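Thanks for making the time this morning. I would like to take us through a handful of local features, and please keep the structure in view while I talk.

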Amino acid sequence: GDESSSHHHRRRRQSIKAENEPLVTDMKDQDYNCYLNSPHYCDILYPTNFKKLASFVCTQNQNLQCSSSSSASGGRPLLDVKVMKQSDFLSLYGKKEVNMTKGWLSGYSPLIHDFSNCSMLLVHPR
C-alpha cells in the first residue's frame, strides 16, 4: 500500500516506536501487534513511499548511465520509471481480466475498487 494510507484506511497503531512499521492483519480485519503472535494466515503490509522509491530507481538509473557512457543509448536514461495506482494499471493493461470480474448489474470489480490505496512501480527499458 502507499505510505499515505494504511490497509482499509485504518489509523496506524503506535504501539512500537518504529517508523513505517508493518501492519499485520487477518482476513477478518483483526490487527495484531506482531507477526509472531498472529494466526498462521495473515497479511503483513509494509507502507511504501512509491515516489521516493521511484526517485531512488531513477538516481540509480542515472548512475548506471554515467558508468556506461559509451553505451548505445546516446546519453538517454536506460530505464523508464513510473508509479501508477493499481486500478489505473489494471484498467490500462488488464481490461479483459477486469471485465471478467465486473458485476453485470453494479459494474463493481474487486480488482479496481478494492485495494484503492495500492500502487505499482513500473520499470522497463526504453
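I will go through a surface patch, the cysteines, and then two loop residues.

Before anything else, please bear in mind that what we are looking at is a predicted model.

Let me begin at the surface, where Tyr35, Leu36, Ile44 and Tyr46 form a nonpolar patch whose accessible area comes to about 480 Å² together. One member of that patch, Ile44, lies in strand β3, which covers residues 43–45, and because its relative accessibility is 36%, Ile44 counts as partly exposed.

Turning to the cysteines, how many disulfides does the structure hold? The number is 0, and as a reminder, a disulfide would be a covalent bond between the sulfur atoms of two cysteines. Cys42 has a relative accessible area of 21%, so it is classed as partly exposed, and Cys58, with a value of 30%, is likewise partly exposed.

Now for the loops, starting with the one between β1 (23–25) and β2 (31–32), where we find Asp29. Asp29 is not a glycine, and yet its phi is positive, at about 65°. Most residues other than glycine have a negative phi. As for its surroundings, Asp29 has a relative accessibility of 43% and therefore counts as partly exposed.

The other loop residue is Asn117, placed between α4 (110–113) and β5 (119–125). Is Asn117 buried or exposed? With a relative accessible area of 11%, which is under the 20% cut-off, Asn117 is buried. Finally, the C-alpha atoms of Asn117 and Ser87 are separated by 9.3 Å, while the two residues are 30 residues apart along the chain.

Conventions. Residues numbered from 1 in each chain as written. Predicted model: local features only at pLDDT ≥ 70, side-chain atom pairs only at ≥ 80, totals over all residues. Heavy atoms only, no water. Patch = residues over 30% accessible without salt bridge, like charges linked within 9 Å, V, L, I, M, F, W, Y side chains within 5 Å. Areas by Shrake-Rupley, 256 points an atom, 1.4 Å probe, with all protein chains shown as cover. Salt bridge = Lys/Arg side-chain N within 4 Å of Asp/Glu carboxyl O. Helix = DSSP H or I, 4+ residues; strand = E, 2+ residues; numbered from the N terminus. Buried < 20%, exposed > 50% of the residue type's maximum accessible area, 1.4 Å probe, protein only. Disulfide = S-S within 2.5 Å.
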